[in-house]
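Please look through the sequence and the model below before reading on. The report that follows goes through selected contacts and surface features one by one.

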Amino acid sequence: MVTDPIADFLTRIRNAQMARHRIVEIPASNVKKRMTEILYEKGYILKYKFEDDNKQGLIKIALKYDANTKEPAIRSLERVSRPGLRQYAKPTEIRRVMSGLGIAIVSTSKGVMTDKEARAQNVGGEVMAYIY
């Protein structure tokens, strides 16, 4: 049993990139699905596919690498809020990641979104991860 599924999600992606895997499989949940969609929209992953396995489902993510240097598109995945210490922020307090070059994933009352979307909609929430 995993006590922090979001940290497990980020760690699986991080480990797959360090091992230079093309595809990583992650157990699905609605929050993880939304985080995967955000990573795809922002260009951090190539493709994703949600599969139903008659249990909780699977997320298959095709990782993205630079064509010339073979470096992963995601330089850093950092879990911010964790079960032992939740991190909440108002829309004005959400930190900009790498001066706006990265993204923060925020769980708000209006759903999981990026830091820029949260500021635009003027909603705060739990800062789940920093990605750049």
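## Burial and the basis of the model

A residue counts as buried when its relative accessible area is under 20%, as exposed when that area is over 50%, and as partly exposed in between. E37, with a relative accessible area of 24%, is therefore partly exposed. The structure shown here is a predicted model, and the descriptions below should be read with that in mind.

## Salt bridges in helix α2

The structure holds 10 salt bridges. In one of them R34 is joined to E37, with the closest N and O atoms 3.4 Å apart. Both residues belong to helix α2, which covers residues 30-41, and because R34 and E37 are 3 residues apart there, about one helical turn separates them.

R34 also forms a salt bridge with E41, where the closest N and O atoms are 3.5 Å apart. R34 has a relative accessibility of 22% and counts as partly exposed, and E41, at 49%, is likewise described as partly exposed.

## Salt bridges elsewhere

A salt bridge also brings together the side chains of R79 and D4, at 3.0 Å from N to O. Since R79 lies in strand β4 (residues 77-79) while D4 lies in the segment before α1 (5-18), this pair ties together parts that are 75 residues apart in sequence. R79 counts as buried at 19% relative accessibility, and D4 is buried as well, with a relative accessible area of 11%.

In addition, a network of salt bridges links E25, K49, E51 and K60.

## An aromatic cluster

The count of aromatic pairs comes to 2. Y40 and Y48 make an edge-to-face pair, in which the ring centres are 5.3 Å apart and the planes stand at 75° to each other. The rings of Y48 and F50 have their centres 5.1 Å apart and their planes at 45°, so this pair is tilted. Y40, Y48 and F50 form one aromatic cluster.

Each member of the cluster can also be described by its accessibility: Y40 is partly exposed with a relative accessible area of 42%, Y48 is partly exposed at 29%, and F50 is partly exposed at 33%. The ring of F50 has a further contact, in that the charged end of K33 sits over this ring, 5.4 Å from its centre.

## The β6–β7 hairpin

Strand β6, made of residues 103-108, pairs with strand β7, made of residues 111-114, in the antiparallel sense and over 4 bridges. The connection from β6 to β7 is a hairpin that runs through 2 residues. Within this pairing, V106 stands opposite M113 in β7.

## A nonpolar patch and a residue of helix α3

On the surface, M98, L101 and Y132 form a nonpolar patch, and together these residues have about 320 Å² of accessible area. Y132 is found in the segment after β8 (125-131), and this residue is partly exposed, with a relative accessible area of 31%. Because patches are made of residues with over 30% relative accessible area, Y132 meets that part of the rule at 31%.

Helix α3 covers residues 115-121 and includes E117, which is partly exposed with a relative accessible area of 28%. E117 and K64 are 53 residues apart along the chain, and their C-alpha atoms are separated by 24 Å.

Methods. Residues are numbered from 1 along each chain as its sequence is written. This is a predicted model: local features need pLDDT of at least 70, side-chain atom pairs count only at pLDDT 80 or more; totals for chains, interfaces and linings use all residues. Side-chain values use heavy atoms; hydrogens and water are left out. Patches are made of residues with over 30% relative accessible area and no salt bridge: like charges are joined within 9 Å, nonpolar side chains (Val, Leu, Ile, Met, Phe, Trp, Tyr) within 5 Å. Accessible areas come from the Shrake-Rupley method with a 1.4 Å probe; for residues, only the protein chains shown count as cover. A salt bridge is a side-chain nitrogen of Lys or Arg within 4 Å of a carboxyl oxygen of Asp or Glu. Buried means under 20% relative accessible area, exposed over 50%, partly exposed in between (1.4 Å probe, protein chains only). Rings of Phe, Tyr and Trp (its six-membered ring) pair if their centres lie within 6.5 Å; planes under 30 degrees apart count as stacked, over 60 as edge-to-face and the rest as tilted. A charge sits over a ring if NZ of Lys or CZ of Arg is within 6 Å of the ring centre and within 35 degrees of the ring normal. Two strands pair if DSSP finds at least two bridges between them.
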